[in-house]
Amino acid sequence: MKIMILNGPNLARLDLRDKDIYGNLSYEDLRKFIVDKAIALELEVDIRQSDSESEIVSWIHEAADNKMPMIINPAAFTHYSYAIRDAVSMLKAPAIEVHLSNPLSREEFRHTSVVSGVVQGTIAGFGAESYELALVAMQKLMN
Ligand code: DQA
């Protein structure tokens with residue numbers, strides 16, 4: 001079973017974002033990192049990114065319809081998208097929330113995740129390795 005990996009708004013422009021927070025990682029580097037780790041773990045991944053809430057919701061519907069497991073970095077939508085929360089709550093397979101940075105050590109508005117309550121768990125603050133840790137956790141949840 002393929003794991004759907006969804007990345008939200010502005011993550012495709014990681015190279016233009018605050019280097020103190022996101023380091024020197026480009027989105028292409030992140031994609032490649034995830035693919036390499038998935039291959040090493042013998043997992044299949046389908047990695048997608050969108051800046052559009054509606055497109056992300058439709059991809060979550062696709063995962064729900066097909067009972068696909070999901071790793072999701074909703075990016076800024078984390079903090080206020082009830083539409084994404086409601087869609088994630090429909091998933092039938094495990095879902096894990098990931099963040100590159102640790103939102104709890106940043107601005108106050110990032111301290112709330114409306115998604116955390118409807119996923120199995122959240123991994124945040126380890127840069128690209130947050131995704132690797134999520135893949136390892138997902139492998140256990142899938143077994
Ligand atoms: C992020 C954290 C969010 O607060 C922010 O809006 C992002 C990225 C992260 O991966 O650290 O765009 O989800």
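This report looks at the ligand site and at one helix residue, Lys37, in a predicted model.

**The ligand site**

Start with the ligand. Its surroundings are made up of Arg17, Tyr22, Asn73, Ala75, Ala76, His79, His99, Leu100, Ser101, Arg106 and Arg110. Three of these residues, Arg17, Ala76 and Leu100, have a polar atom paired with a ligand oxygen atom. The table lists the pairs.

| Residue | Atom on the residue | Distance to a ligand oxygen atom |
|---|---|---|
| Arg17 | polar side-chain atom | 3.0 Å |
| Ala76 | polar backbone atom | 3.2 Å |
| Leu100 | backbone N or O atom | 2.8 Å |

How much of the ligand's accessible area does the protein cover? On its own, the ligand has 320 Å² of accessible area, and the protein covers 99% of it. Where does the ligand sit? The space it takes is the largest cavity.

**Lys37 and its contacts**

Now turn to Lys37. This residue belongs to helix H2, which spans residues 27-40. Is Lys37 buried or exposed? Neither label fits. Its relative accessibility is 27%, so Lys37 counts as partly exposed. Buried would need a value under 20%, and exposed a value over 50%.

Which residues does Lys37 touch, leaving aside those up to four places away in sequence? The contacts are Glu132 and Leu135. Take Leu135. In sequence, Lys37 and Leu135 are 98 residues apart. In space, their C-alpha atoms are 8.0 Å apart.

Notes:
Residues are numbered from 1 along each chain as its sequence is written. This is a predicted model: local features need pLDDT of at least 70, side-chain atom pairs count only at pLDDT 80 or more; totals for chains, interfaces and linings use all residues. Side-chain values use heavy atoms; hydrogens and water are left out. Helices (H or I, at least four residues) and strands (E, at least two) are DSSP runs, numbered from the N terminus. Buried means under 20% relative accessible area, exposed over 50%, partly exposed in between (1.4 Å probe, protein chains only). Contact means heavy atoms within 4.5 Å. A residue is near a molecule or strand if one of its heavy atoms lies within 4 Å of it. A polar contact is a pair of N or O atoms within 3.5 Å; within protein, one must be able to donate a hydrogen and the other to accept it, and residues adjacent in sequence count only if both atoms are side-chain atoms. Accessible areas come from the Shrake-Rupley method with a 1.4 Å probe; for residues, only the protein chains shown count as cover. On a 1 Å grid over the protein atoms alone, a cavity is a set of points where a 1.4 Å probe fits but cannot get out, and a pocket is an open set with protein on both sides within 12 Å along at least five of seven lines; lining residues have an atom within 4 Å of a point. A molecule sits in a cavity or pocket if more than half of its atoms lie within 2 Å of its grid points.
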